[in-house]
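Colleague: I am new to this structure and would love a close look at a single part. Could you walk me through the helix packing around the C-terminal end of the chain?

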Amino acid sequence: MRDDATGRTLTTHEPRRIPWLDIVFGFGPMVPIAVGAAATWWLNGQPLDYLVALFTLLYAASILLFLAGVHRGVSFRTEGGPQASQIVTMLVLYALGLFSLFAAVMGKAVPALAMLILGYALIGILDPIAARAGEVPLAHARLRPLQMPIAVISLAALLWLKLTAPY
C-alpha cells in the first residue's frame with residue numbers, strides 16, 4: 001500500500017479459486033433457504049407451513065439485500081472507481097429485495113417470490129460476467145453459478161407451492 005497526500009494506492013492479488021471463507025459464507029446463507037423450502041413442502045397443508053414459508057421468504061429477501069450491499073462495497077475498491085454496471089446491479093438487487101419485503105408484508109407471496117427468484121438468478125448470471133470485467137472478485141465467476149441455483153430452486157419450489165395451494 002502506498003499512501004500520499006492525494007490518496008492511497010492499493011496493490012492486491014485475488015485468487016481464481018474460491019477461498020474457503022467464501023465457501024462457508026457463500027453456501028452457508030443458502031442453507032436456511034433450502035431448509036425452509038423443504039420444511040414448507042414437508043409441512044404442506046399443516047398449520048405452520050405458512051409461517052415457515054414466510055420466514056424463508058423474509059430471510060431470502062434479507063440475504064438479497066445484503067448481496068446488493070456487497071456489490072456496492074466492492075465498487076468502492078474497483079480499479080478506476082465504481083462502474084455504472086456495479087451501481088445499476090446494486091440498485092436492481094436492492095429494489096428486488098426491498099419490494100419483495102413489501103409484497104411479503106402485504107401478504108403477496110407470489111410476487112415476492114418471483115422478485116427474489118429474479119434477483120438470485122441475476123446474481124448467478126451477472127457475477128461471472130462482472131468477475132471477468134474486474135467488478136467483483138474473480139472467485140465469484142465460479143462461486144455464483146454454484147451458489148445461486150440453490151436459492152433459485154428453493155424459492156421456485158416455494159412459488160410452486162403457493163401457486164398450487166388451495167388457500
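Modeller: Happy to help; what follows starts with the whole chain and then turns to helix α6 and its partners.

Please keep in mind that this is a predicted model. Its secondary structure comes to six helices and two strands. Reading from the N terminus, the order of the elements is β-β-α-α-α-α-α-α. Taken along the principal axes, the C-alpha atoms fill a box of roughly 65 × 30 × 20 Å.

Now to α6 itself, which covers residues 140-164. Two packed helices are described by the angle between their axes and the distance between the axes. For α5 (residues 109-132) and α6, the axes come within 8 Å and cross at roughly 165°. Angles over 145 degrees count as roughly antiparallel, and α5 and α6 are therefore roughly antiparallel to each other. Their crossing is left-handed. Sorted by class, the residues in the contact of α5 with α6 are 20 nonpolar, two polar and three charged.

Helix α6 also meets α1, made of residues 20-27. Here the axes come within 10 Å and cross at roughly 20°. Angles under 35 degrees count as roughly parallel, so α1 is roughly parallel to α6. The crossing of α1 and α6 is right-handed. On the α1 side, the contact is made by Asp22, Gly26 and Phe27; on the α6 side, by His140, Leu143, Leu146, Gln147 and Ile150. By class, this contact of α1 with α6 has four nonpolar, three polar and one charged residues.

How do these helices sit against the record? An unreviewed UniProt entry places the feature "transmembrane region" at residues 20-42, 48-67, 87-106, 112-131 and 143-161. In the model, residues 112-131 are 100% helix and 0% strand, with end C-alpha atoms 28 Å apart. Another of the annotated spans, residues 48-67, is 95% helix and 0% strand, and the end C-alpha atoms of residues 48-67 lie 29 Å apart.

One last detail sits in helix α4, residues 84-105. Phe99 and Phe102 both lie in this helix, three residues apart, about one turn of the helix. A pair of aromatic rings is described by the distance of the centres and the angle of the planes. The count of aromatic pairs comes to one: the rings of Phe99 and Phe102 have their centres 5.8 Å apart and their planes at 65°, so the pair is edge-to-face.

Definitions and conventions. Residues numbered from 1 in each chain as written. Predicted model: local features only at pLDDT ≥ 70, side-chain atom pairs only at ≥ 80, totals over all residues. Heavy atoms only, no water. Axes fitted to C-alpha atoms, helices over the stretch in contact; angles between N-to-C directions. Helix = DSSP H or I, 4+ residues; strand = E, 2+ residues; numbered from the N terminus. Parallel < 35°, antiparallel > 145°, perpendicular 65-115°, else oblique. Left-handed = near helix turned anticlockwise from the far one by under 90°. Nonpolar A, V, L, I, M, F, W, Y, C, P; charged D, E, K, R; others polar. UniProt positions renumbered as here; feature names shortened; annotations may be inferred. Contact = heavy atoms within 4.5 Å. Phe/Tyr/Trp six-rings, centres within 6.5 Å; stacked < 30°, edge-to-face > 60°.
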